[in-house]
Amino acid sequence: MDLAKIAESVDEAARTATEIPQFSDEKPLSVEEAYAVQALSMQRRYARGEKRVGIKMGLTSRAKMIQVGVSDVVWGRLTDGMREEEGGVVSMAKYVHPRVEPEIAFLMKKPLSGEVSALEAMSAVEAVAPALEIIDSRYKAFKFDVGDVIADNSSSSGFVVGSWHNPETDISNLGMVLNIDGRAGEIGSSAAILGHPVRSLVSAARMVASAGEELKAGDIVLAGGATAAIPMAVGQSVLLEVEGLGQIGFKVGE
Ligand code: OOG
Ligand code: MG
């Protein structure tokens, strides 16, 4: 299998916001091959000038696993080009069929990698914030198997981070309400993220290490959606309220 060619096709699909058929229809990618494709496709982005700014964890809550029918925790890379402005307008034209989901973000103050305890993980955190992830599978009908989604950078395509809070903040069980046009669309708790979002950070440290990488000081780590994601549509007003961490949002434009 030509992994570089597959990387080119997922990268082009993301760059041009064009959907592509699932690889699993023809020949499924193994998890290992899929991460190799992801790394190769991200190298293409870095070559175009985008900078890696952190990583995203995915499928860390039951609601998310059920929504997409894949039950392995996955990860992907975030770049500066994916960041959307808090309170700004997100353009639908950049995406294929985007969805938005409520998350918690960590800001790292120290490198972290490999097998670490929850305590070690938290002591490497500078701050925590509410976050919204815009996921956009490049596959037709937002359908994929585990290899497809990993190859596609785990659907990572945009993210918004709110204001940073003290890392001592108890984030174990914070209410999270994702409002669309002033109405609660999804309601959950940060506890839905592996029982406690710090477990997602522990997994992140282990997973990046297996790719020979580390979480670096200054990196942002998205812990994963606490609820199912909501399809985005032009004209929507998206607002996330996280208990104790405040509100963040954006408007959806053409
Ligand atoms: C896969 C990415 C999952 C999360 O937070 O669980 C994810 C997808 O749902 O397309 O980002
Ligand atoms: Mg997510």
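These are my notebook entries on cavities, a metal site, strand pairs and cores in one structure.

**Entry 1: the model**

I am working with a predicted model. I keep that in mind for every entry below.

**Entry 2: the magnesium site**

I looked up the magnesium ion (ligand 2) first. Which residues are its protein donors? I found Glu 101 (OE), Glu 103 (OE) and Glu 133 (OE), and they lie 1.9 to 2.0 Å from the ion. I then wrote down their spacing in sequence, which reads E-x1-E-x29-E. Glu 101 sits in strand β4 and Glu 133 in strand β5, 32 residues apart, and this pair links distant parts of the chain.

Next I asked about two of these donors. Is Glu 101 buried or exposed? Its relative accessibility is 3%, so Glu 101 counts as buried. I did the lookup again for Glu 133. Its relative accessibility is 0%, so Glu 133 counts as buried. The cut-off I used for buried is under 20% relative accessible area.

**Entry 3: the largest cavity**

I turned to enclosed space. Rolling a probe the size of a water molecule over the atoms shows where empty space is left. How many cavities of 30 Å³ or more are there? The count comes to 2.

The largest cavity holds about 130 Å³ of space. I listed its lining and got 18 residues. Lys 56, Leu 59, Lys 64, Ser 154 and Ser 155 are the ones nearest its centre.

Which elements supply at least two residues each to this lining? They are β1 (52-58), α3 (62-68), β4 (99-108) and β5 (125-135). β1 gives the largest share, 3 residues. Sorted by class, I have 8 nonpolar, 5 polar and 5 charged residues in the lining of the largest cavity. I note that β4 and β5 turn up here and also carry the donors Glu 101 and Glu 133.

**Entry 4: the second largest cavity**

The second largest cavity has about 60 Å³ of space. I noted its lining: Val 10, Asp 11, Ala 14, Ser 41, Met 42, Arg 45, Arg 138, Ala 151, Asp 152 and Asn 153. Two or more of the lining residues come from each of α1 (3-16) and α2 (31-47). By class this lining has 4 nonpolar, 2 polar and 4 charged residues.

**Entry 5: the largest pocket**

I moved on to open space. The largest pocket holds about 250 Å³. It is lined by 15 residues, and Ala 14, Arg 15, Arg 45, Lys 94 and Ser 157 are closest to its centre. Which element gives the largest share of this lining? It is α1, with 3 residues. The lining of the largest pocket divides into 6 nonpolar, 2 polar and 7 charged residues. Ala 14 and Arg 45 appear here and in the lining of the second largest cavity.

**Entry 6: Lys 5**

I stayed with helix α1 and picked Lys 5, which lies in it. Is Lys 5 buried or exposed? Its relative accessible area is 60%, so Lys 5 is exposed. I also checked its distance to Gly 212. The two are 207 residues apart in sequence and 23 Å apart in space, C-alpha to C-alpha.

**Entry 7: strand pairs**

I looked at β7 (residues 175-180) and β8 (residues 183-189). They run antiparallel and are joined by 6 bridges. Asn 179 has Ala 184 in β8 as its bridge partner. The hairpin of β7 and β8 has 2 residues between the strands, and Asp 181 takes a positive phi near 50°.

Then I followed β12 (residues 246-253). Strand β3 (residues 89-91) runs parallel to it, with 3 bridges. Here Ser 91 stands opposite Gly 253. Strand β11 (residues 237-242) runs antiparallel to β12, with 6 bridges. Leu 239 stands opposite Gly 249 in β12. β11 and β12 form a hairpin with 3 residues between them. Gly 244 in the turn has a positive phi of about 80°.

**Entry 8: nonpolar cores**

Last, I looked up the cores. The largest nonpolar core has 66 residues. Which members touch the most other members? I wrote down Phe 106, Met 108, Leu 112, Leu 132, Leu 201, Leu 215 and Phe 250. Helix α6 (residues 197-210) gives the largest share of this core, 6 residues. Another core, of 12 residues, lies apart from it, and includes Met 42, Met 82, Leu 107 and Ala 127. I had met Met 42 before, in the lining of the second largest cavity.

How values were computed:
Residues numbered from 1 in each chain as written. Chains lettered and ligands numbered in written order. Predicted model: local features only at pLDDT ≥ 70, side-chain atom pairs only at ≥ 80, totals over all residues. Heavy atoms only, no water. 1 Å grid on protein atoms, 1.4 Å probe; cavity = no way out; pocket = protein on both sides within 12 Å on 5 of 7 lines; lining within 4 Å. Points joined across faces, edges and corners; volume = space filled by probe spheres on them. Helix = DSSP H or I, 4+ residues; strand = E, 2+ residues; numbered from the N terminus. Nonpolar A, V, L, I, M, F, W, Y, C, P; charged D, E, K, R; others polar. Donors = N, O, S within 2.8 Å, 3.2 Å for Na, K, Ca; no water. Buried < 20%, exposed > 50% of the residue type's maximum accessible area, 1.4 Å probe, protein only. Pairing = 2+ DSSP bridges. Core = buried A, V, L, I, M, F, W, Y, C linked by side-chain atoms within 4.5 Å.
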